[in-house]
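User: Please take a close look at one part of this chain, the first helix and what follows directly after it. I would like one connected account rather than a list.

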Amino acid sequence: MNIIYFLIGCSILLALIFLLAFFWASRTGQNDDTYTPSVRILFDDEVQPVKEDIKSDEDHT
């Protein structure tokens, strides 16, 4: 029965550590950029041209 109390205490301590890390990340500006992800999908990636040797049908006969 004592192990349950120990595990509950450890889980509460771990939850508090994650909560403090979240508040620290929010306070230091880790997630301030909310504009760029919404417009990133609108920009197309530049397509690299494919270089192919074009041969006439006469060369294949």
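Analyst: The account below starts with the whole chain and then turns to the first helix, its side chains and the loop after it. The model is a predicted one.

The protein chain has two helices and zero strands. Of its 61 residues, 2% count as buried. The accessible surface of the chain comes to about 6,600 Å², and carbon and sulfur atoms hold 62% of that area.

Helix α1 covers residues 2-27. With 26 residues, α1 reaches 38 Å from its first C-alpha to its last, which is close to the 38 Å expected at 1.5 Å a residue.

Many of the side chains to look at here belong to a nonpolar surface patch of about 1,300 Å². Among its members are Met-1, Ile-3, Ile-4, Tyr-5, Phe-6 and Leu-7, and the patch also includes Ile-8, Ile-12, Leu-16, Leu-19, Phe-22 and Phe-23. Ile-8, placed in α1, may serve as one example: its relative accessibility is 42%, so it counts as partly exposed, given that the partly exposed class runs between the buried limit of 20% and the exposed limit of 50%.

Two other patch members, Phe-22 and Phe-23, deserve a separate look. A search of the whole structure finds one aromatic pair. That pair is formed by the rings of Phe-22 and Phe-23, with centres 5.7 Å apart and planes at 55°, so it is classed as tilted. An angle over 60 degrees would have counted as edge-to-face. Phe-22 has 48% relative accessibility and is therefore partly exposed. For Phe-23 the relative accessibility is 48%, so this residue is partly exposed too.

Next comes the end of the helix. Just after α1, Gly-29 takes a positive phi of about 85°. Asn-31 lies in the loop between α1 and α2, the latter being residues 36-40. Leaving aside neighbours within four places in sequence, Asn-31 is in contact with Ala-25 and Ser-26. The relative accessible area of Asn-31 is 48%, so Asn-31 is partly exposed.

Conventions
Residues are numbered from 1 along each chain as its sequence is written. This is a predicted model: local features need pLDDT of at least 70, side-chain atom pairs count only at pLDDT 80 or more; totals for chains, interfaces and linings use all residues. Side-chain values use heavy atoms; hydrogens and water are left out. Patches are made of residues with over 30% relative accessible area and no salt bridge: like charges are joined within 9 Å, nonpolar side chains (Val, Leu, Ile, Met, Phe, Trp, Tyr) within 5 Å. Accessible areas come from the Shrake-Rupley method with a 1.4 Å probe; for residues, only the protein chains shown count as cover. A salt bridge is a side-chain nitrogen of Lys or Arg within 4 Å of a carboxyl oxygen of Asp or Glu. Helices (H or I, at least four residues) and strands (E, at least two) are DSSP runs, numbered from the N terminus. Buried means under 20% relative accessible area, exposed over 50%, partly exposed in between (1.4 Å probe, protein chains only). The expected span of a helix is 1.5 Å times one less than its number of residues. Rings of Phe, Tyr and Trp (its six-membered ring) pair if their centres lie within 6.5 Å; planes under 30 degrees apart count as stacked, over 60 as edge-to-face and the rest as tilted. Contact means heavy atoms within 4.5 Å.
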